[in-house]
Amino acid sequence: MGTSKTSPLVTSRRITVASLRKGKHEGRRFAALTAYDASFAALEDAAGVELILVGDSLGMVVQGHRSTIPVTMDHVVYHTRLVARGAGSALVMGDMPFMSFATIDDARRNAARLMQEGGAEIVKLEGTGAQGETVEALSAQGIPVCAHLGLRPQAVHKVGAYKIQGREPEAAKVLMDDAASLEQAGADMLLLECVPASLAKKITEHAQVPVVGIGAGVHCDGQILVLYDMLGITPGRRPSFSKDFLAGAGSVPAALEAYVEAVKSGTFPSTEHTFD
Ligand code: KIV
């Protein structure tokens, strides 16, 4: 009987939470992107993207909403299932949508759905230090968690706008403390969105787990962008921390490869895509 990557007995997967952690300690940067379907997941995987996030950004770039708030568990589970089918060796991360981890029971039930029905290998939740018990409860069940700090789009109506976080010294200290306490609670990865590069550098140096940044400067262990932003097809204005890799690349596969190369070599993000 021949072996194939679809055999339940054989796995071709190479990228794991543990391998990304090892890469951090060996000084290897990794490239991550969002995806929402099997075709783009397969292209990203072929280009060397090591982490694919099925982000609740799908509410904005796929569904056309003005925020991520309307996204439900059913939506994320569905898109995660599509992405997991297309991803070859990349680690698949499923996003916990608004209010899906409001209680620890909700978090357990919904993270289990993302893994069992969607095929996610790690779940991401937007949080502060207040989510420590949730992270601990998931981690205790063997569920890898990425804690998303800094700009938390699910909190946009509370914060008032999509804006840079951690600029003031007190706010920077809160973010540093939150990152440390969520790691202590069992987070296997941290994601920093829209924070000054100097703060992201400190958090990355302090953390033992990989730190992936978006609008957080070049010193994070990995970089992530919303796929549609880096292909220049997001309706409206592209975020200033993103870059259109399709312009000049000639094809989607070439754009994805250019992004991976730029992240790994440390040429993206440059200062024009960075906040201080
Ligand atoms: O939902 C998403 O795509 C995200 C990224 C912006 C990191 O959380």
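A polar contact, as I use the term in these notes, is a pair of N or O atoms within 3.5 Å.

**Entry 1: getting started**

I opened the structure and noted that it is a predicted model. I count residues from 1 along the chain. My plan was to visit the ligand, then the open and closed spaces, then a few backbone oddities.

**Entry 2: contacts of the ligand**

Which side chain was I to check with that definition? I began with D95: one of its side-chain N or O atoms is 3.3 Å from an oxygen atom of the ligand. That pair falls under the 3.5 Å limit, so I wrote it down as a polar contact. Next I looked at D56, where a polar side-chain atom and a ligand oxygen lie 3.0 Å apart. For K124, I found 2.9 Å between a side-chain N or O atom and an oxygen of the ligand. How much of the ligand's accessible area does the protein cover? On its own the ligand has 260 Å² of accessible area, and 95% of this is covered by the protein.

**Entry 3: the shell around the ligand**

I then listed who surrounds the ligand. Besides D56, D95 and K124, the shell holds T34, L53, G55, S57, H148, L191, E193, I214 and V226. I sorted these residues by class and got four nonpolar, four polar and four charged.

**Entry 4: the largest pocket**

Where does the ligand sit? I found that the space it takes is the largest pocket. I put the volume of this pocket at about 880 Å³. Its lining is made of 35 residues, and M60, E193, D229, P239 and F241 are the ones nearest the centre. Which elements give two or more residues to this lining? My list reads α3 (58–61), β4 (122–126), β6 (189–193) and β8 (222–225). By class, I noted 17 nonpolar, eight polar and 10 charged residues in the lining. I was pleased to meet E193 again here, as it is also in the shell around the ligand.

**Entry 5: the second largest pocket**

I moved on to the second largest pocket, which holds about 240 Å³ of space. It is lined by 13 residues, with F101, E126, Q131, R152 and Q154 closest to the centre. Its lining divides into five nonpolar, six polar and two charged residues.

**Entry 6: a closed space**

How many cavities of 30 Å³ or more does the whole structure have? My search turned up one. I read its volume as about 60 Å³. Around it I found M176, A179, A180, E183, L190, I203, H206 and A207. Two elements, α8 (169–185) and α9 (197–206), each give two or more residues to this lining. The largest share, four residues, comes from α8. Sorted by class, the lining has six nonpolar residues, one polar and one charged.

**Entry 7: backbone oddities**

Last, I checked the backbone. Is the peptide bond from F268 to P269 cis or trans? I found it cis, with omega near 0°. P269 belongs to the segment after α11 (252–265). I also stopped at M99, which has a positive phi of about 70° although it is not a glycine. To find M99 on the model, I looked in the loop between β3 (91–95) and α5 (104–116).

Terms used: Predicted model: local features only at pLDDT ≥ 70, side-chain atom pairs only at ≥ 80, totals over all residues. Heavy atoms only, no water. Near = heavy atom within 4 Å. Polar contact = N/O pair within 3.5 Å; in protein donor to acceptor, adjacent residues only side chain to side chain. Areas by Shrake-Rupley, 256 points an atom, 1.4 Å probe, with all protein chains shown as cover. 1 Å grid on protein atoms, 1.4 Å probe; cavity = no way out; pocket = protein on both sides within 12 Å on 5 of 7 lines; lining within 4 Å. Sits in = over half its atoms within 2 Å of the grid points. Nonpolar A, V, L, I, M, F, W, Y, C, P; charged D, E, K, R; others polar. Points joined across faces, edges and corners; volume = space filled by probe spheres on them.
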